[in-house]
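Here's a quick tour of a protein model, meant for someone just getting started. Have a look at the structure first, then read through the points below.

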Amino acid sequence: MFKRIIKLTINFLVNISLFFINLIIIFSKIFLINKADIIIFQNQRIGFGNIFTSIDLARKLFKNKKILFIHFFDSSRFHNKKIFEFLLEEKIILYTSIFIKFRKLRFGEYDQYMRKSKSNYFQSILITMTKIFSKNNSISFNILELYNYATKKNKFIRNRKYKFNSPNHQWLSYYYYLVEKNNSLKLNFQNSFINEISCKSSLKKICFYKREKNFINNHTQNFNLYFKLIKMFHKKNFEIYLTGEYKNLIKKFPSIKNLVSLPEYNGNFSQSKNLAMQLVSDYYIGDSGGGSYFAMYKKKSLILGVAEENKYINKVKIFRYSLYQNNKRVVNNKKFKKFLKKKTISLKAALDSLELSRMGFEIKSYNHNDVIKYVRQNMLNKQ
């Protein structure tokens, strides 16, 4: 009981302190707020993938409008505030929580997307204050409202190329439609990180993105495959960027360090350099995750270990995990697809590897030889 009282007291003090700091930030940005035609509040569903897609979707939906992003920063999530500078977008960063990493403790208000019963009252006041200072004809969305807006727009598309079963992912159909209409990603080449990496070498640039937050077992680490692929691109004289969570890969194959450029300065990991390498590269190979949306803007891309319903535009090749049940490979026939569709609709989300494992499926890797064959034919021999 005493510990709970202490925690509630600290939480209240953090909330009050950060609230007044954020009020000062908002008052200092009144002119910026008043100029905006569209305001996007990033306070819910704020994993890195959603931060990027909400930026990219908003600027494709509202081409000639002045967009302002109000980002509620949560240091416990996989955020990188540089994304706004790298993409040359106006933003205001508000801090409504603190995270003590070594104790894994969070205080204040943070993303409550999956817990509908809880409300972030101080965030709500800050949003209301921002709207008061906005001009009369401006329009505002949070990320969920922006996705719902795109879902409604999608109903007017006659031939829908990309279809999703999950009710929460219908917006992606319209997003991909817009990406295909304008398959370019505006970058800020005046930024020092972007400029340094883009001008560093005249060689073709490929980004390898390793992610270990995915469901991992002995079949899905794929360290051997990454090592083989990196050696293949090195022989073809590519500039290779190894990004993400790559430490265990390097422990397994130390010689990789001689073949790649790492997002580090003096041996220390740089989030900003890591993100810049992902954005600037010409080609992309990596695990499924928030950063894999960048693959849509490359000359050729390959995504490994994708969840069942996830799709990307045509330039992106996908290799899905193999599913086994009772030591037998699951046949992906109409009956099984119907089963997956029903489960996806009921969960309102794509069936990721962890969820499939909970359902009793054994997750095994895709065929490595198929991946290597695809890379040789489509990413190396066509240079």
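**A quick look around**

I6 sits in helix α1, which covers residues 2–28. Keep in mind that this is a predicted model. We'll start with a patch on the surface, move on to the salt bridges, and finish with a pocket.

**The surface patch**

- F2, I6 and I10 get together to make a nonpolar surface patch of about 290 Å².
- Why does I6 count as partly exposed? Its relative accessible area is 37%, and the label "partly exposed" goes to values between 20% and 50%.

**Salt bridges**

- How many salt bridges does the structure hold? The count is eleven.
- One of them pairs D37 with K135, and their closest N and O atoms are 2.7 Å apart. D37 is in the loop between α2 and β1 (38–42), while K135 is in the loop between α5 (121–133) and β6 (139–142), so this pair ties together parts that are 98 residues apart in sequence.
- Are these two partners buried or exposed to some degree? D37 counts as buried because its relative accessibility is 18%, and the cut-off for buried is under 20%. K135, at 24%, counts as partly exposed.
- Another salt bridge links K161 and E180, with 3.2 Å between the closest N and O atoms. K161 belongs to the loop between α6 (143–154) and α7 (171–181) and E180 to helix α7, so the parts they tie together are 19 residues apart in sequence. E180 is partly exposed, with a relative accessible area of 36%.
- D287 and K210 also meet through their side chains, at 3.0 Å from N to O. Here the link runs between two strands: D287 is in β11 (residues 283–287) and K210 is in β7 (residues 205–210), so parts 77 residues apart in sequence are tied together. Both of these residues are buried.
- There's a network too: D56, R59, K60, E89 and K186 are joined by salt bridges that share partners.

**The second largest pocket**

- The second largest pocket holds about 400 Å³ of space. It is lined by 19 residues, and the closest to its centre are R59, K65, I67, E89 and K186.
- Which elements give two or more residues to this lining? They are α2 (30–35), α3 (48–61) and β2 (67–73). Helix α3 gives the most, with three residues.
- Sorted by class, the lining has ten charged, seven nonpolar and two polar residues.
- Some names come up again here: R59, E89 and K186 are among the residues closest to the pocket's centre, and they are also part of the salt-bridge network.

Notes
Residues numbered from 1 in each chain as written. Predicted model: local features only at pLDDT ≥ 70, side-chain atom pairs only at ≥ 80, totals over all residues. Heavy atoms only, no water. 1 Å grid on protein atoms, 1.4 Å probe; cavity = no way out; pocket = protein on both sides within 12 Å on 5 of 7 lines; lining within 4 Å. Points joined across faces, edges and corners; volume = space filled by probe spheres on them. Helix = DSSP H or I, 4+ residues; strand = E, 2+ residues; numbered from the N terminus. Nonpolar A, V, L, I, M, F, W, Y, C, P; charged D, E, K, R; others polar. Patch = residues over 30% accessible without salt bridge, like charges linked within 9 Å, V, L, I, M, F, W, Y side chains within 5 Å. Areas by Shrake-Rupley, 256 points an atom, 1.4 Å probe, with all protein chains shown as cover. Salt bridge = Lys/Arg side-chain N within 4 Å of Asp/Glu carboxyl O. Buried < 20%, exposed > 50% of the residue type's maximum accessible area, 1.4 Å probe, protein only.
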